[in-house]
Amino acid sequence: MEFTELADYPLPPGTVTEWTPAAVNPPELWPVDQRPASYIHEAHLKHAEQAKRQAHHQIDGCTPSWLGTSFRIHDRLDRRIWAAALDHWIDRHEVLRTRVAMEGEAIVRRTAGPGDVRILGNEVGHLASSMSVFTHLQQLLDRSTDPLVWPAYQFATIESPNHFTVVFAADHALLDGYSVALTAHELQTIYRSLSEGRPPSPTETGSYIDFGTTERDLVEHADCSHPAVQTWHEFYTHGEAPFFPALPEPVTGRRVPQQSLSAWLLSARGAERLAEASKRNNQGFLAAILACAAKVTGDLTGADEFRVVVPQHTRSELRWAASLGWFIGVVPVRIPIAPDVTVSDLAQVAGAEVRRVRPAAALPYSKVCELIDCPQHLPFVLSYMDVRHVPGAEQWTSWQTRGLRSRDHSGTDVYIWLTRTPEGLNLAIRHPGNARTSRHIHQFAGLLRREMEDFAFLTDTCAPPTNTAATIEENSHGNDTHRSLGTESRDAHRVQAY
């Protein structure tokens, strides 16, 4: 499953229908819910409020911050059953029935009960080209996922004669990358159960709203002596917030949409070989990724250290395993790069560093920023997610499933997502939208692939598969318009990184 922008998904022409959640009563009349927002949700809300105020003085307005998915259901669309499937899913995930907003100076949560939110369909009509479908959906999703209003999520379907395509997006406050990976299977399963006249029976799941309460109880009274705070303090004593290595100077002037890159770095066999190579060093897959990235950084720039922020999941209890929500913490990673160091050596260092800093993910970064003087914005992030054993993963190819993210306009940020799926290891990058940076990113990605192949097949008598050695190119749509789970265990609920 790739993780790209909507512009890079092969949207078919067809009859487009918007599916929008509606409540029996307006959200401002819902019962007040005393459960607090998670730290990351509160920080996101405050940032959105600030961006909204600034947008009054900018032509471009606020930048959307949604995640989502698109996939195909190989059946004719039965509108009544599809609406019922979405109703069931909204009842299942409480986070889709809650609103967190500023009321005066206070942040107030209001939550609707099961059955109080129902889906309304609005047929747009037949759109005869992929471009017209894309243009309509891009505008729809951007305006329907405002974190300051409810609902902050939207569905759409595109009907073809014997199948239909589903597009779903929600503001980041409602879901993370693993939530995205769960969505296609859950909705497919519910729809097919209802189509066959059977009541859906997915396993019970916890509520992200309850997670926010648990998180506050655990860390609200943390102070500067907290080990996580010390980890971040140490990181910043050695430098500022990390930027992508040797990033060209940003282009000043008008806001330019970021560009994106998506490529398969390794086949399934290649990813397995990389895992085996790392295990021979008594390290995990993430350590191998970081080691290769550090080696490329040293070779490209001559730097003596690789600095990056790495997301880690916070699904610390089994009840959160299938929940929709933003279960993410971040940790700072520093990897020294000695002259002539090998990837094998770097994997040892990276593995030890990840184990050392991993506990810091339990303390939300926004809380860290309250306690010490550190930058709130993180311009360079590398995320790893293993989704091979997520329910439905084996069907993603036949379903044409893809993770989606909104456009961004940052002139400095570089976000890298590496996702291990049943097909192999996928790389997705969003980066500043200028030619110099694009060339730099492509060079980095090509060298990263080479280091991974060399490390993976170091003791193999065979050459790497030829399909992994292809030139890294932009997505097929040439998008220039423009963010895990898994251990090496087969247990999908034992998780390592975002």
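This passage describes a seven-stranded sheet, the helices packed on it, a buried arginine and several loop residues in a predicted model.

The structure is a predicted model, in which local features need pLDDT of at least 70 and side-chain atom pairs count only at pLDDT 80 or more, whereas totals for chains, interfaces and linings use all residues. Residues are numbered from 1 along each chain as its sequence is written, and side-chain values use heavy atoms, with hydrogens and water left out.

Helices (H or I, at least four residues) and strands (E, at least two) are DSSP runs, numbered from the N terminus. Two strands pair if DSSP finds at least two bridges between them. Strands of a sheet pair through backbone hydrogen bonds, either parallel or antiparallel. In this model, seven strands form an open sheet of mixed pairing, in the order β1-β14-β4-β9-β8-β2-β7. Strands β1 (3-5) and β7 (117-127) stand at the edges with a single partner strand each, so one side of each is left without a neighbour in the sheet. On average, neighbouring strands of this sheet are turned by 25° against each other, direction ignored.

Strands β8 (residues 153-159) and β9 (residues 164-171) run antiparallel and are joined by seven bridges. Within this pairing, Thr 157 has Val 166 in β9 as its bridge partner. Helix α2 (residues 79-92) packs on the sheet, touching β2 (14-23), β4 (66-73), β7, β8 and β9; contact means heavy atoms within 4.5 Å. The direction of α2 makes about 140° with that of β7, where axes are lines fitted to C-alpha atoms, for helices over the stretch in contact, and angles run from 0 to 180 degrees between N-to-C directions. Helix α4 (residues 177-195) also packs on the sheet, touching β4, β8, β9 and β14 (402-405), and its direction makes about 35° with that of β4.

Strand β4 is mostly covered, with eight of its eight residues buried; buried means under 20% relative accessible area, exposed over 50%, and partly exposed in between (1.4 Å probe, protein chains only). Trp 66, Gly 68, Ser 70 and Arg 72 point one way from β4, while Leu 67, Thr 69, Phe 71 and Ile 73 point the other way. Eight bridges join β4 to β9 in an antiparallel arrangement, and Ser 70 stands opposite Val 167. The pairing of β4 with β14 is antiparallel and has four bridges, with Gly 68 opposite Leu 404.

Arg 109 is located in strand β6 (residues 106-111). This residue is buried yet has no salt bridge, and the nearest side chain of opposite charge, Asp 33, is 4.7 Å away. A salt bridge is a side-chain nitrogen of Lys or Arg within 4 Å of a carboxyl oxygen of Asp or Glu; Lys and Arg count as positive and Asp and Glu as negative, while His and the chain ends are not counted. The side chain of Arg 109 makes a polar contact with the side chain of Thr 98 (3.0 Å) and reaches the backbone oxygen of Pro 36 at 3.3 Å. A polar contact is a pair of N or O atoms within 3.5 Å; within protein, one must be able to donate a hydrogen and the other to accept it, and residues adjacent in sequence count only if both atoms are side-chain atoms.

Certain loop residues complete the description. A cis peptide bond, with omega about 0°, joins Trp 150 and Pro 151, and Pro 151 is found in the loop between α3 (130-143) and β8. Asn 282, in the loop between α7 (268-280) and α8 (285-301), has a positive phi near 60° and is exposed, with a relative accessible area of 66%.
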